[in-house]
Amino acid sequence: LGLALYAGSLCAVSGGAFFYHDYCIIGAGPSGLQAAYFLQQAGRDYVVFERSHAPGSFFALYPRHRKLISINKQYTGKSNSEFNLRHDWNSLLSHDRRLLFRRYSRDFFPDADAMVRYLEDFASLLKLRVQYNTAIVHVTLERNGQAWNGHYFLLTDQDRQNYKCSSLLVATGTWVPNVVNFPGSEYVEGYETVSISPEDFAGQTVLILGRGNSAFETAENILGVTNFIHMVSRSRVRLSWATHYVGDLRAINNGLLDTYQLKSLDGLLEGDLEDLAIIKDKKGKLHITLRFYLENRNTSAGIDSITLPQDELDNFATRAPYDRVIRCLGWKFDFSVYNRSLGMMPGKGNKKKYPQIKPSYESRGTRGLFVLGTASHSVDFRKSAGGFIHGFRYTTRAVHRLLENRHHGVPWPSTAYPITQLTNSIIKRVNEASGLYQMFSVLADIILLRENATAFEYLEEYPVGVLAELEMQTGRKAPSGLFVVIMEYGRNFSGADKDVFYYNRAVGEAQHAWQSNFLHPVIYYYKRLPTEREMRVRPPDWPLPRPDAVHHIVEDFLTDWTAPNAHILPLRRFLENCLGTDLRNFFAESCFLFAFTRQKLPPFCGQGYVRMQGLVGSERLRRHAVEAGLLEDYTLTDFSGDRPPDSQEGSQDQLLSDHAIPVHPLQHLVNAKDE
């Protein structure tokens, strides 16, 4: 049997043997392992190829100074595991409670070695099918009309072993160092190899090329031992608390900003690195000049024959020579292993370090090729958290759900509720959902209304960039309109030049909710699915096209959107206006009166009271509701000491006690009566 299974896994193609799998994953980093987990849970045929002997090889080397900038919050005051993931930026998604990162480190900013141990345990405890020491060196296509996507993916490893798969998931991250070539760049040391011992920099002057977290991390390590540090980059410094983008400079690494602004010798400069040139003198000192000074000159003739900027401008900023120049320019995607037939092209502008992909994370050049993890960050670059574990763990799950629907006929998971639960469902999700919270403006909950708005389907964390394709991508229908629940920052609140600490920066009144600056829920209502054209022509800073109606839930200092008057009541009235119905909860007594006085019962009465659902009423419960102003007091008044002839002794009390009229659970008393 074993021999038969082995033979069955081999495919004879053009004289070569191919090991076949439905899904091939390249890379056993966090996103590769996350994808493997979902495929394994679904019982799919897959394999993960990892070039190293263990998962997470990137974290075995980087960050060089071993301090992660992803937070690991131990305590939140909540026991809700979904809510706690909002403040756990390192754990991957799984059913195993042992695989929460807080069990591996108690540090708020953990050591990278803890991440290596975590990923090793994630792969081994969940028994993920990872093939180590396998470097994929070439990927190409084989056209075949019988294949899922009209072609197979053919992979070759370093030992010339061949593999064949129907769908390819690329989870290699960005690991090729960004290098800028200019005259004298051979004297530059790379972040990936430079010494991390501060003693090696004692008494030296250092120039750092770059202005990201790796540059500031390097500066922070040697700040106390150098003569001075200068940092040069083409763009201004971007602070993460101003841009609300976690990939920008974090406070843990920004000590050099203090020493620069407080004039303690260190400094920041702006300039295009490609315009620079470095000249080395006889003493080994490195002099910074500009490329155009070297045109038509022989640089080997010596520094004395070369004009330096300070020869013409004696206060030139970088006139002092440097002992070392360090390149800290980040990484880019490795395109070299992909054959041209795959159409794996780099993005444009500041996204050129990533491959071009659709908002569904599928390659623009090849159907069936999906890019996961950090390499997929072009979808939300400088906007959300898709390039980091606490973001791409959710986008990876979204890709898996798209694949389940496309290849296996498994629709996107959804839950059906009666329309009376619409307000409750939204409030619950915006207060605990971690995917919405971390992937703000990218992933959204979709509420599909059923005919006559009597019920709805709730889909969680769908990529809004492919909203126009929702029916095809999810296997769900949207014939009667939909709500989109998403999290957003204020339109003009984020930016490198923004003062995010200005006075009156927060909004507290519900009527001004649309002016909220901090992260808050926004609900879009569409009478029909937006078209692809509407998605293309939407304003550039809008996650969605113009809706038929929109509602902002006012920002909250505690990110707790459960205030009855400030949060719940305005939301419920917005939903009622969109649906043309009454979403309030009522006591049985009110439903009884409505049955005699209205032509149409509110949904709550029609779906609850008429079906004999709810709690059994009592005099104490009714009296409490009257005193709270939730019910009117219909008890007959005794005008003369004697009851009117047509009255019955204790008619109201008797009705409640003898006939046990059902009452709905009092989960939202504030909604029982408009005030």
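Contact here means heavy atoms within 4.5 Å. Keep that in mind for the first residue, L155. One caution before I start: this is a predicted model.

So, L155. Leave aside its neighbours within four places in sequence. L155 is then in contact with C24, I26, F49, I136, H138, V139, Q161, N162, Y163, C165 and L168. Now put that beside the core. The largest nonpolar core has 67 residues, and L155 and L168 touch the most other members. Which helix gives the most to this core? Helix α5, residues 112–125, with 8 residues. The core also draws at least three residues from each of two domains. These are domain 1, which is 19–174 + 332–402, and domain 3, which is 412–579. A general remark on cores: in soluble globular proteins, nonpolar side chains tend to be buried together.

Next, the strand around L155. Strand β6 covers residues 151–157, and 7 of its 7 residues are buried. Both faces are covered. On one side sit H151, F153, L155 and D157; on the other, Y152, L154 and T156. What are the partners? Strand β5, residues 136–143, is joined to β6 by 7 bridges, and the two run antiparallel. H138 has T156 as its bridge partner in β6. Strand β7, residues 162–170, is joined to β6 by 4 bridges, again antiparallel. There, T156 has N162 as its bridge partner. So T156 is bridged to H138 in one pairing and to N162 in the other. β6 and β7 form a hairpin with 4 residues between them. In that turn, R160 has a positive phi of about 65°.

T366 reaches this strand too. T366 is found in the loop between β16 (331–332) and β17 (369–371). Buried or exposed? T366 is buried, at a relative accessible area of 3%. Not counting residues up to four places away in sequence, T366 touches L141, H151, F153, S341, L342 and G343.

Now a second hairpin. Strand β13, residues 276–280, pairs with β14, residues 286–290, in the antiparallel sense over 5 bridges. I279 has H287 as its bridge partner in β14. There are 5 residues between the strands, and G284 takes a positive phi near 90°. Why call β13 largely enclosed by the rest of the structure? Because 4 of its 5 residues are buried.

On to the open sheet. It has 6 strands, in the order β18-β20-β19-β21-β22-β23, and the pairing is antiparallel. β18 (414–418) and β23 (549–552) stand at the edges, each with a single partner strand, so one side of each has no neighbour in the sheet. Neighbouring strands are turned by 20° against each other on average, direction ignored.

Take the β18 edge. Strand β20, residues 455–463, is joined to β18 by 5 bridges, running antiparallel. S414 has L459 as its bridge partner in β20. Two helices come in here. Helix α10, residues 389–408, lies across β19 (443–449) and β20, at about 120° to β20. Helix α11, residues 422–432, packs on the sheet and touches β18, β19, β20, β21 (482–488) and β22 (520–526). The direction of α11 makes about 20° with that of β20.

Two residues from later in the chain. The first is Q607, in helix α17, residues 603–609. Q607 has 17% relative accessibility; the cut-off for buried is under 20%, so Q607 counts as buried. What does Q607 contact beyond its neighbours within four places in sequence? P418, I419, T420, T454 and Q613. Q607 and I419 are 188 residues apart in sequence, yet 9.2 Å apart in space, C-alpha to C-alpha.

The second is R584, in the loop between α15 (564–579) and α16 (588–597). R584 is buried, with a relative accessible area of 13%. R584 and Q421 are 163 residues apart in sequence and 9.9 Å apart in space, C-alpha to C-alpha. There is also a second, separate core of 29 residues, which includes A453, Y458, L571 and L583.

Last, the whole chain. There are 19 helices and 25 strands. Of the 675 residues, 52% count as buried. Among contacts between residues at least 6 apart in sequence, 66% join residues at least 24 apart. The chain exposes about 32000 Å², and carbon and sulfur atoms supply 50% of that.

Methods
Residues numbered from 1 in each chain as written. Predicted model: local features only at pLDDT ≥ 70, side-chain atom pairs only at ≥ 80, totals over all residues. Heavy atoms only, no water. Pairing = 2+ DSSP bridges. Axes fitted to C-alpha atoms, helices over the stretch in contact; angles between N-to-C directions. Core = buried A, V, L, I, M, F, W, Y, C linked by side-chain atoms within 4.5 Å. Buried < 20%, exposed > 50% of the residue type's maximum accessible area, 1.4 Å probe, protein only. Domains from an automatic or database assignment. Areas by Shrake-Rupley, 256 points an atom, 1.4 Å probe, with all protein chains shown as cover.
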